[in-house]
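Visitor: Could you take me on a close look at one part of this model, the main pocket, and then show me what surrounds that part?

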Amino acid sequence: MMKNKPLAAGLAVIGLFTLIALFAPLISPYDPSVIDQNHLLEAPSRAHPLGTDGLGRDLASRIMFGARISLSIGLIAVGIATALGLLFGSVAGFYGGALDGVIMRFADIMLCFPTFFLILAVVAFMESSIFNIMAIIGLTSWMGPSRLIRGEILSLKEREFIQAERAIGASNGRIIFKHLVPNAIGPVLVNATLGIAGAILLESGLSFLGLGVQPPTPSWGNILIESKSTLGVAWWITVFPGLAILLTILGFNFIAEGLKKVFGYN
Amino acid sequence: MDNLLEIRNLKVQFFLGSRTFAAVNGADLDIRGGETLVLAGESGSGKTVTALSITRMLPPNGAILEGRIRFNGEDVLAMDEESLRGVRGKEIAYIFQEPASYLNPVITVGDQIAEAVMLHQRKTKQEAGREAERLLGLVKIEDPRRVSLDYPHQLSGGMNQRAFIAMSLACRPRLLIADEPTTSLDVTIEAQILALLMELKAALGFSLLFITHNLSIAKRIADRVCVMYRGKVVETAATSELFTSPRHFHTKELIAAYEKIGRI
């Protein structure tokens with residue numbers, strides 16, 4: 001771990017943000033939704049370390065609470081996508097033939113739609129709650145993991161120990177989920193880590209367009225959109241949530257890089 | 001003595017792109033209860049394909065075209081997938097050439113043996129774990145408790161083969177098919193594994209089908225020897241008879257090859 005600098009750096013950054021998210025109610029200096037008419041658009045100071053926004057709300061507190069939303073959307077959306085990917089990819093790879101054809105062509109069709117516009121279209125018809133955003137991002141990003149897992153399973157299922165499992169009378173389900181999937185977990189983990197970064201960016205983008213997490217709930221994306229009108233006079237409202245997004249994405253990318261080293265491939 | 005396994009006129013074909021290849025071309029084979037039968041022959045003569053056909057474990061591009069396989073009076077070729085799974089591991093078990101690659105690299109040896117135990121017996125995870133340790137002791141592994149927690153890459157080839165034998169014997173099969181199980185091991189380990197197999201066979205009473213191209217092994221362990229050549233069983237004889245009066249020219253070739261090695 002000490003020698004794996006990317007992993008250590010990534011884990012440190014993400015660990016810090018995770019702690020902030022977990023303990024936001026305890027460590028945030030102010031209530032993130034309390035409006036203070038006397039302190040509008042204040043620059044960073046001792047009282048407000050990251051300044052205040054156009055409604056006088058404390059920016060540091062809003063970013064801390066925003067971390068909860070952004071990180072959990074990233075984790076759960078990728079959880080959904082990876083779970084679907086494991087199921088579809090392993091079944092397609094193991095059984096091959098017509099089933100493989102149907103699943104993978106369906107994935108190809110889904111890949112033809114630009115994800116962002118697909119999500120925009122879906123959000124137009126649904127209430128954009130946090131839960132819906134998680135579900136939509138998850139349900140529109142399982143294709144990548146599926147293809148990856150299918151490829152891994154295709155090569156793993158030719159290995160001798162799978163034949164040995166058949167020889168002791170193991171069922172297909174047991175072979176897939178007990179023996180094939182655990183051997184494919186390395187690349188899946190790397191892919192999922194990168195996926196979290198992607199999902200956080202996607203949520204920020206959606207919130208920035210006003211279709212993501214709805215105010216007053218703070219997410220890093222919707223803090224950014226509120227900064228747009230005051231960008232000329234209050235740089236801090238744009239810079240700090242932007243930095244939070246940047247560091248988190250960078251952190252997850254470093255973890256993915258480090259995991260690649262751990263699992264021994266590039 | 002009754003035949004435990006009867007193979008009649010077995011024909012197996014492989015599909016290689018648009019071409020077909022007859023790997024086994026009318027093989028006949030009997031295995032009696034409790035005997036050690038060595039199936040000998042050069043590479044590509046159809047030994048392994050015959051062995052895999054017994055529980056229909058052929059790769060997807062191979063197919064049994066013709067013939068009859070009866071195990072314990074039941075027609076193997078007529079069984080559905082469910083009943084086949086009941087035979088594999090429980091009635092007929094295999095051990096293979098490269099033990100390390102036949103064990104799952106991410107699961108401990110003990111857990112893999114325990115899995116084999118639980119597949120065919122009603123046992124809790126704990127009971128299966130204890131049974132796995134007992135089986136590791138049975139195959140003469142010292143300190144079975146520690147080894148059961150090891151992963152295959154932490155063990156030597158000989159140890160892995162012992163562990164694999166333990167897994168194969170987990171459900172006390174009536175027939176053990178050993179496909180060149182000592183070819184990848186060095187000579188002293190080979191002798192140990194052969195001795196172990198003979199000892200286990202005497203203790204547990206299974207029949208052994210041992211596949212090899214090395215007739216010196218046949219001389220050491222076999223009751224009878226079948227010689228395969230180009231997809232057919234060309235000669236079957238009691239071991240002593242085979243070595244004193246071989247009939248088929250390929251048998252003579254194999255014996256000559258082994259005597260040549262003996263002289264070096």
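Guide: Happily! In this predicted model, 32 residues line the largest pocket, and those nearest its centre are R166(A), M57(B), L58(B), P59(B) and P60(B). Residues of both chains are therefore named at that centre, one with the letter A and four with the letter B. The pocket has a volume of about 980 Å³. Several helices supply two or more residues each to its lining: α3 (59-95) and α8 (160-167) from chain A, and α1 (47-53) and α2 (81-87) from chain B. Of the contributing elements, α8(A) gives the most, with 4 residues. In terms of chemistry, the lining of this largest pocket divides into 15 nonpolar, 12 charged and 5 polar residues.

Now for the second largest pocket, which has a volume of about 270 Å³. Its lining is made up of 21 residues, and A81(A), S141(A), P145(A), N191(A) and G195(A) are the closest to its centre. Here the elements that give two or more residues are α3, α4 (97-112), α7 (143-156) and α10 (185-208), all of chain A. The largest share comes from α10(A), with 7 residues. The chemistry of this second lining is 13 nonpolar and 8 polar residues, with no charged ones.

Helix α4 of chain A deserves a brief stop, since D100(A) is found there. D100(A) has a relative accessible area of 10%, so it counts as buried, the cut-off being under 20%. Leaving aside residues up to four places away in sequence, D100(A) touches A92(A) and R150(A). For a sense of distance within the chain, D100(A) and I133(A) are 33 residues apart in sequence, and their C-alpha atoms are 29 Å apart in space.

Let us finish where the two chains meet. Chain B brings 22 residues to the contact and chain A brings 17 residues. Together the chains bury about 1800 Å² between them, with 58% of that area on carbon and sulfur atoms. Across this interface there is 1 salt bridge. E115(B) forms a salt bridge with R174(A), and the closest N and O atoms of the pair are 2.8 Å apart.

Definitions and conventions. Residues numbered from 1 in each chain as written. Chains lettered and ligands numbered in written order. Predicted model: local features only at pLDDT ≥ 70, side-chain atom pairs only at ≥ 80, totals over all residues. Heavy atoms only, no water. 1 Å grid on protein atoms, 1.4 Å probe; cavity = no way out; pocket = protein on both sides within 12 Å on 5 of 7 lines; lining within 4 Å. Points joined across faces, edges and corners; volume = space filled by probe spheres on them. Nonpolar A, V, L, I, M, F, W, Y, C, P; charged D, E, K, R; others polar. Buried < 20%, exposed > 50% of the residue type's maximum accessible area, 1.4 Å probe, protein only. Contact = heavy atoms within 4.5 Å. Buried area = accessible area lost by both parts, 1.4 Å probe. Salt bridge = Lys/Arg side-chain N within 4 Å of Asp/Glu carboxyl O.
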